[in-house]
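Work through the exercises below with the sequence and the model side by side. Try each task before reading its solution.

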Amino acid sequence: MKLTIQQQVKLLHLHGHFGSIPYGDVVGLEDNHKLTLDAVERFQKENGLERDRVYGPVTESLLSRPTCGVNEQARGQLCQWPKNCNNSEDYTTITISFDPRGVRGISEDKAVELAEKAAKAWSDVSGIHLKFVESGAQLVGSMGSIGRGVLGLAQLPCGIRCGDSLWWKLQITTQWNEETFLEVGTHEIGHSEGHDHHNGKSIMTTHALGDYLKPTAYDIAQAVKRYGKDGLAPTPEPPVDPDPPATDDLEVVYAKLFEYNSDDEVVRKRSFFVDDIWTPPTL
Ligand SMILES: [Zn+2]
C-alpha cells in the first residue's frame with residue numbers, strides 16, 4: 001500500500017511524532033516540509049531505523065502497523081451479546097459509559113460528545129441500542145495506556161453471558177483530532193458489539209486512515225446479522241428444502257408398493273422384491 005503524503009502525515013501525527021502540534025496545523029504539509037521531515041526522523045530514531053529523513057518502504061511498513069490492538073478474536077464465529085438478558089426476546093439495550101479523563105488534542109466534553117456519536121452510529125443501524133449511563137455500564141470506555149503505536153483496544157463479547165461487562169479504551173498518549181477520535185471510537189465500540197476486523201470497505205479496518213467515519217454497508221449488514229434490524233432477534237434462516245424426490249425414484253416406488261417403514265424392512269423387502277421380480281436371464 002502506497003500512502004499519500006496526507007496519510008503519512010496523519011499516521012505520524014497519530015503516533016505523536018509532531019509533538020503537541022495540533023492536527024489542524026500539520027494538515028496539508030508538503031512532502032519536504034521541515035516539520036514532516038523532523039517527524040519522520042523522530043519516528044526512525046525511535047524505531048531503530050536509519051535516520052535518513054526519507055519516508056521509504058521500511059518506514060512506511062512500520063508506521064502502517066495495525067493501529068488497533070485487537071487480535072482476531074472472533075475468528076469467524078458470530079460473536080454477539082446474548083438475547084433475553086432483560087427478560088425479553090429482543091436485544092434492547094446495552095449500557096455504555098466513557099470516561100474522557102486524560103484525553104489529549106481535544107476537550108473532554110468533545111471526547112464524550114464524539115463517543116456518544118460513535119455509539120449512536122451503531123444503535124441507528126441495528127437492533128442493539130447502546131445507551132449512555134454514568135456508571136455501572138456493560139461497556140466501560142476510558143482513555144488508557146495501551147501499548148506502543150496502538151490507538152485503541154476493546155474486548156469482544158465472544159461467549160459473554162448476561163451480567164458480564166466489557167471495556168474499550170483509546171490511547172492516552174495520542175494527540176487526537178475530532179475525525180480520528182470518532183473513527184477509532186466507532187471502531188472500538190464496533191468490537192464491543194462483536195465485530196471482527198475487516199480490511200475492506202468497513203469502519204473495522206485495522207488502520208485508521210480516515211476512509212470511513214461511520215459503519216459502512218458491510219458493517220450494517222454484519223450488525224443486522226447479529227441483532228436484527230429492529231431489536232428482534234434475527235429470524236433463523238429456514239433449512240434448505242431438499243430436492244423433492246422424483247416420482248420415478250426407486251426408493252419411493254418401493255415404499256409405495258410395500259408400505260414399509262424401518263430400514264431393515266426396506267432392505268429385506270427390496271431384496272425380496274428384486275429377487276422375486278427380476279431374475280437374471282439364463283444363458
Ligand atoms: Zn480493531
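The exercises go from the overall fold to the core, then to one helix and the strands.

This is a predicted model: local features need pLDDT of at least 70, side-chain atom pairs count only at pLDDT 80 or more, and totals for chains, interfaces and linings use all residues. Residues are numbered from 1 along each chain as its sequence is written.

**Exercise 1. List the secondary structure elements of the chain in order.**

Solution. Start with the rule: helices (H or I, at least four residues) and strands (E, at least two) are DSSP runs, numbered from the N terminus. The chain then has nine helices and five strands. From the N terminus, they run α-α-α-α-β-α-β-β-β-β-α-α-α-α.

**Exercise 2. Find the residues that touch the most other members of the largest nonpolar core, then place this core relative to the domains.**

Solution. Fix the terms. A residue is buried if 20 or more other C-beta atoms lie within 10 Å of its own, exposed if 12 or fewer, and partly exposed in between; C-beta atoms are placed from the backbone. A nonpolar core is a set of buried Ala, Val, Leu, Ile, Met, Phe, Trp, Tyr and Cys residues joined through C-beta atoms within 7 Å.

Next, the members. The largest core has 44 residues, and Leu12, Ala118, Ala119, Leu130 and Leu151 touch the most others. Elements that each supply at least two residues include H1 (5–14), H3 (34–46), S1 (93–99) and H7 (217–227). H5 gives the most, seven residues.

Last, the location. Domain 1 (5–63) and domain 2 (92–227) both contribute, so the core lies between them. These bounds come from an automatic or database domain assignment.

**Exercise 3. Which residues does Ala118 contact, leaving aside neighbours within four places in sequence?**

Solution. Apply the cut-off: two residues are in contact if their C-beta atoms, placed from the backbone, lie within 7 Å. Ala118 then contacts Leu182, Gly185, Thr186 and Ile189.

**Exercise 4. Is H6 mostly covered or uncovered?**

Solution. Count the buried residues: 14 of 16, so H6 is mostly covered. Then look past its end. Gly194 follows H6, with a positive phi near 120 degrees.

**Exercise 5. Describe the pairing and the two faces of S3.**

Solution. Two strands pair if DSSP finds at least two bridges between them. S1 and S3 pair in parallel over four bridges. In S3, Ser142 is the bridge partner of Asp99. S3 and S5 also run parallel, joined by six bridges. In S5, Gln171 is the bridge partner of Gly144.

Now split S3 by face. Leu139, Gly141 and Met143 form the covered face. Val140, Ser142 and Gly144 form the uncovered one.
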